[in-house]
Each structure stands twice: as structure tokens, then as C-alpha cells.
Amino acid sequence: MESSTLLQQIQNRLIEADDPLLEQIHAIQRGGERLLHRLNQQLLSPMEFRETLGELIGQPVDESVVVLPPFYTDFGRHISLGKDIFINRGVMLTDLGSIQIDDHVLIGPFAKLLTVNHPVSPSKRRGLSVKPIHLKRNAWVGAGATILPGVTIGENAIVAADATVTKDVPDLAIVAGTPARIIRYIDESED
């Protein structure tokens, strides 16, 4: 992640509405708009798409990664992608707080990964707090699911369609509902 210095400055604290770091964040957002527009408005070959996505997130994207447009992010520089990942259409990555997606992860259409939150206090509501999201190896996030700030989805875990995940999901667990709850564990020998 290119802007790791910025990430270190914003984690574990409230970013107030008048914090000078917000201008730096907004400048990075503006810099990515052209690339996001290219990803979602032009007919790109898979190689061109990966190259443009790599430029947006500030790191090369492995040729085994497939991301279908439209692809949405409100920042872009705090996304880390492993290998053999599939991200379906309409996925939103709100990544200011950092999103790490490990190898072999599947993300269904219109899923949302949100690392940013706002304070409850009305007088501080324009501020931001961020926490990272980590999708571990071979996790599967179903269509329309929402993953909230600070959540880790365990290795080989499944998040059911339309679930809202507010807490960490253990390895091999299947979670569903809002808020998501464990409905069972996967037997690794099952089909």
C-alpha cells in the first residue's frame, strides 16, 4: 500500500472534520477519479483493466485476479489484493481504513466492504474513524453482503447473501443475517 504513512496516521483515532489530513485524503481521492472512470466507462481488455486497477490501488494486480465492472471505491490506495481473486459486479470497497483480500477470495455482486465510520456525537459527526477489513484465504462473501469496519473474515469462511457482518468470523464458519450470526461450521470433507 503506497500511502501506508497516511494509514498509520489515521488508524485508531478520530479524524476531526477540520483535521488537515482530510485535505490529503481528498487529494488522493480526486487523483483516482480518472482511473475509476476509465475502469467503469471504457471497454477494457482484462489486461488493461488489471493495469488500470493496479494504477488506482498503487500496486500491480496479478493476472489471476478477475474484477468485473462496475467496480467502486471511495479511496483506492488502501486495497491489497492477493492472487486468484474474483470480485463480481458492483462491489464497493470503502478502503480508507485498509482492505486486505487474500488469495482465492470470492466476492459476490453488490457486496460492500466498509472501513470508515462516523462518530455518534452530533457535534463530531463530520469526523471519521477507520478500522481495517481482512478477508482471509478462500473466504466467500455472498451477494449484497455488508462487512463493517474492523472485521476479519476467516479462512474458508462463508458470508451469506445480504448478511451484515459486525464481528470477526472464525475460519470455516458460515454466517447469515443482520447482524450476522454463525449458522454452522464447514466440514472440510463436504462437497
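**Exercise 1. Is serine 98 buried or exposed?**

Task: Classify serine 98 in this predicted model and describe its backbone setting.

Solution. Step 1: The relative accessible area of serine 98 is 9%. Step 2: The cut-off for a buried residue is under 20% relative accessible area. Serine 98 is therefore buried. Step 3: In the chain, serine 98 belongs to the loop that connects β5 (91–94) with β6 (99–101). Step 4: The phi angle of serine 98 is near 95°, which is positive although the residue is not glycine. Most residues other than glycine have a negative phi.

**Exercise 2. Which loop holds leucine 172?**

Task: Locate leucine 172 and state the sign of its phi angle.

Solution. Step 1: Leucine 172 sits in the loop between β16 (164–165) and β17. Step 2: Phi of leucine 172 is near 65°, a positive value in a residue other than glycine.

**Exercise 3. Which peptide bond is cis, with omega near 0°?**

Task: Identify this bond, then treat the cis bond with omega of about -10° in the same manner.

Solution. Step 1: The bond with omega near 0° runs from proline 69 to proline 70. Step 2: Proline 70 is placed in the loop between β1 (66–67) and β2 (71–73). Step 3: The bond with omega of about -10° joins threonine 178 and proline 179. Step 4: Proline 179 is placed in the loop between β17 (173–176) and β18 (181–185). Step 5: As background, most peptide bonds are trans.

**Exercise 4. In what order do the 7 strands of the open sheet follow one another?**

Task: Give the order of the strands, name the edges, and examine the pairing of β7 with β12.

Solution. Step 1: The order is β1-β4-β7-β12-β15-β17-β18, and the pairing in this open sheet is mixed. Step 2: Strands β1 and β18 are the edges, since each pairs on one side only. Step 3: Within the order, β7 (residues 106–107) pairs with β12 (residues 140–141) in the parallel sense, over 2 bridges. Step 4: Across this pair, leucine 106 stands opposite tryptophan 140 of β12.

**Exercise 5. Which residues does glutamine 24 touch, not counting residues up to four places away in sequence?**

Task: Describe the surroundings of glutamine 24 and its exposure.

Solution. Step 1: Glutamine 24 is part of helix α2 (residues 21–41). Step 2: With residues up to four places away in sequence left out, glutamine 24 touches Leu6 and Gln9. Step 3: Leucine 6 is 18 residues from glutamine 24 in sequence, and their C-alpha atoms are 8.6 Å apart. Step 4: A relative accessible area of 37% makes glutamine 24 partly exposed.

**Exercise 6. What radius of gyration does the chain have?**

Task: Compare the radius with the value for a compact globule, and add the overall composition of the chain.

Solution. Step 1: A compact globule of 191 residues would have a radius of gyration near 16 Å. Step 2: The chain has 17 Å, which agrees. Step 3: Along the principal axes, the C-alpha atoms fill a box of roughly 50 × 45 × 25 Å. Step 4: The chain contains 3 helices and 18 strands, and 45% of its 191 residues are buried. Step 5: Among contacts with a separation of 6 or more, 28% are between residues 24 or more positions apart. Step 6: About 9,900 Å² of the chain is exposed, with 51% of this area supplied by carbon and sulfur atoms. Step 7: The side chains include 18 positive and 24 negative ones, and the centres of the two sets are 7 Å apart.

Technical notes:
Residues are numbered from 1 along each chain as its sequence is written. This is a predicted model: local features need pLDDT of at least 70, side-chain atom pairs count only at pLDDT 80 or more; totals for chains, interfaces and linings use all residues. Side-chain values use heavy atoms; hydrogens and water are left out. Helices (H or I, at least four residues) and strands (E, at least two) are DSSP runs, numbered from the N terminus. The radius of gyration is taken over C-alpha atoms; the globule rule is 2.2 Å times the number of residues to the power 0.38. Buried means under 20% relative accessible area, exposed over 50%, partly exposed in between (1.4 Å probe, protein chains only). Contact means heavy atoms within 4.5 Å. Accessible areas come from the Shrake-Rupley method with a 1.4 Å probe; for residues, only the protein chains shown count as cover. Lys and Arg count as positive and Asp and Glu as negative; His and the chain ends are not counted. The place of a charge is taken as NZ of Lys, CZ of Arg, CG of Asp or CD of Glu. Two strands pair if DSSP finds at least two bridges between them.
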